[in-house]
Amino acid sequence: MSAPTAEPAVLGATSEVGPLRTVLLHRPGAELRRLTPRNNDQLLFDGVPWVRRAQEEHDAFAAELTARGIEVLHLDRLLAEVLDSPAARAELVVAAVDDPRLGATLRRTAAAHLADLAPADLARALVGGVAHDELPGARGLSWELMDRTDFVVRPLPNLLFTRDSSVWVGEEVAVTSLAMPARHRESTITAAVYAHHPRFAGAEQLYDASLEHLEGGDVLLLAPGVVAVGVGERTTPGGAERLARRVFARGLAHTVLVVPIAQQRATMHLDTIATMVDVDAMVMYPAVADSLVAWTVTADELPDDEDTTDLVVRGPAPFVTAAAAAMGIDRLRVIDTGLDPVTAEREQWDDGNNTLALAPRLAVAYERNTVTNAALEAAGIEVVRIAGSELGSGRGGPRCMSCPISRAPLQAPSSR
């Protein structure tokens, strides 16, 4: 874990663009080396990345953040530290072998092997997986019939995208419920870190992995008190509804905008088509800018029960209109990229709209999306360009790869 030079920042975030103080990343490692043309689709990658280059790209990303005074925490290091806790070890070993493919005999063998590992080795096994031929003393029918190229404990290459398994809303953290089977264990790791690491002592958990599907890439903090939730391939209406009830009951938001998005790989999350780059501006995929709608969800009375209170649902209305009304601004500016349809589709596929705001009008973006980046700069947004030719093979950009742990509150908006 990166050692802070001062007192740790207060946990939490109320917007997408408040000055970033602390962020959680995961440097890709052995789990990416497990990807092959045979399994990359199942593990949700669109190709087999060059791992050393992906690590270099990620290191450069982290260095850009550190150079701007942002504290970078690394998930694998936090994980190794919490594995000194017997409770955390037990939770994560049970989760790792909770797989119907294994059968009772192989499950016991795998659990015993993991339980004997030192914390750093166990962290590597939980993230990088355990292959068929890497398990000492393995036996049982399931192991005998398993393909020698298969995994007893599957790797987690998508752990790179730390935004998805948790999101902070105010001073509480939602550990999310990931929809795709290849990603289920990511939430168990994130939950263990938040529950057992002293850095997060006392942090309240707003959501957990046992609830309806909800992924962090679908949750945008548009402004203090206003949360947008995309509903599509990964987040269900039930997940959006559950989150709305909970943020209302805990006083973390007054309005939730529920935004349907296409259930497609290219638009798996709301943040693949739109991200905030200023207090009143976002970059958005041109193909959806005129058609995106939102349902506005509120509660007329302060809920007395976070899971059963009645919600008030209004809409649909154009997303930008509903967002501006909820945010209390005259209009939400959409950065007009002016892209022709082919270029727009290419840059959206390459996560051109998936930016990470470091502060108002300062955002990190992949360098390859040249036209989108030029449009951002023309609109007054400073762009920090990073390489992502290998990192992007999992379909995720700078926002996907980062979970803000602490952002400074926004100042009152000034006229520009």
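# Briefing: cores, a helix and a ring cluster

The largest nonpolar core has 43 residues, and those with the most contacts inside it are Leu79, Leu114, Val152, Tyr194 and Phe200. At least two residues of this core come from each of α3 (75-82), α4, α5, α6, β4, β6 (172-175), α9 (184-196) and β19 (403-407). A second, separate core holds 26 residues, including Ile261, Ala274, Met282 and Leu332. The model is predicted. The points below cover one helix, a set of aromatic rings and two buried polar residues.

**Helix α5**

- Helix α5 covers residues 103-115, which makes 13 residues.
- At 1.5 Å a residue, α5 should span 18 Å, and its end C-alpha atoms are 18 Å apart, so the model agrees with the expected value.
- Which residues of α5 are buried? They are Leu106, Thr109, Ala110 and Leu114.
- These buried residues cover an arc of only 130° around the axis, which means that they lie on the same side of α5.
- A general rule about helices is useful here: an α-helix has 3.6 residues a turn, so residues three or four places apart point the same way.
- What do the buried residues of α5 pack against? Their partners are the helices α4 (86-96), α6 (119-128) and α7 (141-145), together with the strands β3 (130-131) and β4 (151-153).

**Leucine 114**

- Leucine 114 is one of the buried residues of α5, and Leu114 is also among the residues with the most contacts inside the largest nonpolar core.
- Leaving aside residues up to four places away in sequence, leucine 114 touches Arg89, Val93, Ala96, Val97, Leu122, Ala125, Val130 and Val153.

**Aromatic rings**

- The count of aromatic pairs comes to three.
- Are the rings of tryptophan 168 and tyrosine 194 stacked or edge-to-face? Their centres are 5.6 Å apart and their planes stand at 80°, so the pair is edge-to-face.
- Tryptophan 168 belongs to strand β5 (residues 166-169) and tyrosine 194 to helix α9, so this pair ties together parts that are 26 residues apart in sequence.
- Tryptophan 168 and tyrosine 194 are both buried.
- Tyrosine 194 also pairs with phenylalanine 200: the ring centres are 4.9 Å apart and the planes are at 75°, so this pair is edge-to-face.
- Tyrosine 194 has a relative accessible area of 3% and is therefore buried.
- Phenylalanine 200 counts as buried because its relative accessibility is 1%.
- Through ring pairs, Trp168, Tyr194 and Phe200 form a cluster.

**Arginine 199**

- Where is arginine 199 found? Arginine 199 sits in the loop between α9 and β7 (204-207).
- Arginine 199 has a relative accessible area of 15%, which is under the 20% limit, so arginine 199 is buried.
- The side chain of arginine 199 makes a polar contact of 2.8 Å with the side chain of glutamate 71.

**Serine 15**

- Serine 15 is located in the segment before β1 (20-25).
- With a relative accessibility of 3%, serine 15 counts as buried.
- The serine 15 side chain reaches the backbone nitrogen of valine 17 at 3.3 Å.
- A polar atom of the same side chain of serine 15 lies 2.9 Å from the backbone nitrogen of glycine 18.
- Not counting residues up to four places away in sequence, serine 15 touches Leu221, Arg407 and Leu410.

How values were computed: Residues are numbered from 1 along each chain as its sequence is written. This is a predicted model: local features need pLDDT of at least 70, side-chain atom pairs count only at pLDDT 80 or more; totals for chains, interfaces and linings use all residues. Side-chain values use heavy atoms; hydrogens and water are left out. Helices (H or I, at least four residues) and strands (E, at least two) are DSSP runs, numbered from the N terminus. The expected span of a helix is 1.5 Å times one less than its number of residues. Buried means under 20% relative accessible area, exposed over 50%, partly exposed in between (1.4 Å probe, protein chains only). The arc is that of the directions from the helix axis to the C-beta atoms. Contact means heavy atoms within 4.5 Å. A nonpolar core is a set of buried Ala, Val, Leu, Ile, Met, Phe, Trp, Tyr and Cys residues joined through side-chain atoms within 4.5 Å. Rings of Phe, Tyr and Trp (its six-membered ring) pair if their centres lie within 6.5 Å; planes under 30 degrees apart count as stacked, over 60 as edge-to-face and the rest as tilted. A polar contact is a pair of N or O atoms within 3.5 Å; within protein, one must be able to donate a hydrogen and the other to accept it, and residues adjacent in sequence count only if both atoms are side-chain atoms.
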